[in-house]
Amino acid sequence: MRAVVQGTYGEARDVLAFDQIPVPEPREGEVRVRVHAAALNAADVYIMRGEPIAGRLAFGLSRPRQRVRGRDLAGVVDAVGPGVRDLGPGDRVTAEADGALAEYACLKESLPVRVPDTVSLHDAAAVPLAGVTALQAVRIGGVESGDRVLVNGAAGGVGSFAVQLAVAAGAEVTGVCSARNGGFVRSLGARALDYAAEDFTRTGSYDVVIDLVGNRTLRELRGALTPDGTLVLASGNGTPVMGPLWRNAAASLASPFTRQRLRSFLARANREDLGELLDRVGKGDLHARVERTHPFEEAVDALAHVAGGHARGKVVVTLREE
């Protein structure tokens, strides 16, 4: 089968290539999915580059342990291993799992969620990592009706879901973005704030701030909060060696000594959360906002676009027509 593989760390067009690799066979407790679509995320870029350096303890010290790139997929189960009970051939599923940019992928039965008939596999692929991260961030922030919420990085994959979820909760949402993405953020139901024209950290007026970028200090982000507001550190770049670790650690240490609630978290794949999101997409209450769709042959270019840092919403690679 064809797959996008990587042998060393670096930029997309330097280290990624198509290769023919064996079709995997599902082991006990695994299902094999014939991949129809794969969505790209900032996480794919971090792994591709081996950033932050500390992350290589998990990814692989000198090269990625997982050769096939991609983490979000949607497709149809075509084979199951021994002991699989809940899924069978023909089931339409989506999941966050390694090796999404390949014609087939094997994954633990505990990961995939059935896709509602009203949701295309193309849209379903865009939901797992970004949607679950956004849902968990909004939940940790305790967003309620009437809250003033700011999302830093509102035009990205996670941000586009976070804005919609906060608006659906009844919050008054402001999305920080570039001037180019202002219209997109407003279409999600938020007020758009151009980061080049206004410094959101000087307002002190938000009940909840969800930071998805990591380009501001902890002190600056706290300046955007009300005296008893909540800061959610959901992701971000941070330093080249440690990423956002030091800032997140500082937030955990400072939180007991202030009325402001400072929360950092690492999103985790969760079938219940993913199922909830898919139900909402199926009912039309939530939308997977896909900026670009690329054929499989352009997967490397698609990941290079995401690596540029200016993708709007989600980018999806299509391997097969549904």
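Buried means under 20% relative accessible area, exposed means over 50%, and partly exposed lies in between, with a 1.4 Å probe and protein chains only. The structure is a predicted model in which local features need pLDDT of at least 70 and side-chain atom pairs count only at pLDDT 80 or more, whereas totals for chains, interfaces and linings use all residues. Residues are numbered from 1 along each chain as its sequence is written, and side-chain values use heavy atoms, with hydrogens and water left out.

**Exercise 1. Classify the two partners of the salt bridge between R32 and E25 by accessibility.**

Step 1. A salt bridge requires a side-chain nitrogen of Lys or Arg within 4 Å of a carboxyl oxygen of Asp or Glu, and the side chains of R32 and E25 meet in one at 3.4 Å, N to O.

Step 2. R32 has 11% relative accessibility and therefore counts as buried, while E25, at 58%, counts as exposed.

Step 3. E25 also appears among the contacts of E30, where contact means heavy atoms within 4.5 Å. Leaving aside neighbours within four places in sequence, E30 is in contact with E25, V80, G81, V84, C106, L107, K108 and E109. E30 lies in strand β3, residues 30-40 (helices are DSSP runs of H or I with at least four residues, strands are runs of E with at least two, and both are numbered from the N terminus). With a relative accessible area of 11%, E30 is buried.

**Exercise 2. Locate the salt bridges D19 to R67 and D98 to R71 along the chain.**

Step 1. The search of the whole structure finds 17 salt bridges. One of them joins the side chains of D19 and R67 at 3.7 Å, N to O. This pair links distant parts of the chain, since D19 is in strand β2 (residues 16-20) and R67 is in the loop between α3 (56-59) and β4 (72-80), 48 residues apart.

Step 2. D19 is partly exposed at 33% relative accessibility, and R67 is partly exposed at 40%.

Step 3. The side chains of D98 and R71 meet in a salt bridge at 2.3 Å, N to O. Here too distant parts of the chain are linked, with D98 in the loop between β5 (92-96) and β6 (104-108) and R71 in the loop between α3 and β4, 27 residues apart.

Step 4. D98 counts as partly exposed at 38% relative accessibility, whereas R71, with a relative accessible area of 19%, is buried. Elsewhere, salt bridges that share partners join D199, R202, R216 and E220 into one network.

**Exercise 3. Describe how α5 packs on α6, and how α2 packs on α11.**

Step 1. Two packed helices are described by the angle between their axes and the distance between the axes. The axes are lines fitted to C-alpha atoms, for helices over the stretch in contact, and the angles run from 0 to 180 degrees between N-to-C directions.

Step 2. The axes of α5 (residues 128-140) and α6 (residues 157-168) come within 8 Å and cross at roughly 45 degrees. Angles under 35 degrees count as roughly parallel, over 145 as roughly antiparallel, 65 to 115 as roughly perpendicular and the rest as oblique, and α5 and α6 are therefore oblique to each other.

Step 3. At this interface, A130, G131, T133, A134, L135 and V138 in α5 meet G157, V158, F161, A162, L165 and A166 in α6.

Step 4. For α2 (residues 42-49) and α11 (residues 299-307), the axes come within 9 Å and cross at roughly 100 degrees, so the two helices are roughly perpendicular to each other. The residues that meet are A42, D44, V45, M48 and R49 in α2 with L303, V306 and A307 in α11.

Step 5. Helix α11 is mostly covered, with eight of its nine residues buried; the buried residues include L303, V306 and A307. G309, which follows α11, has a positive phi near 85 degrees.

**Exercise 4. Report the number of disulfides and the accessibility of C106 and C177.**

Step 1. A disulfide is a pair of cysteine sulfur atoms within 2.5 Å, and the structure holds zero disulfides.

Step 2. C106 is partly exposed with a relative accessible area of 21%, while C177, at 5% relative accessibility, counts as buried.
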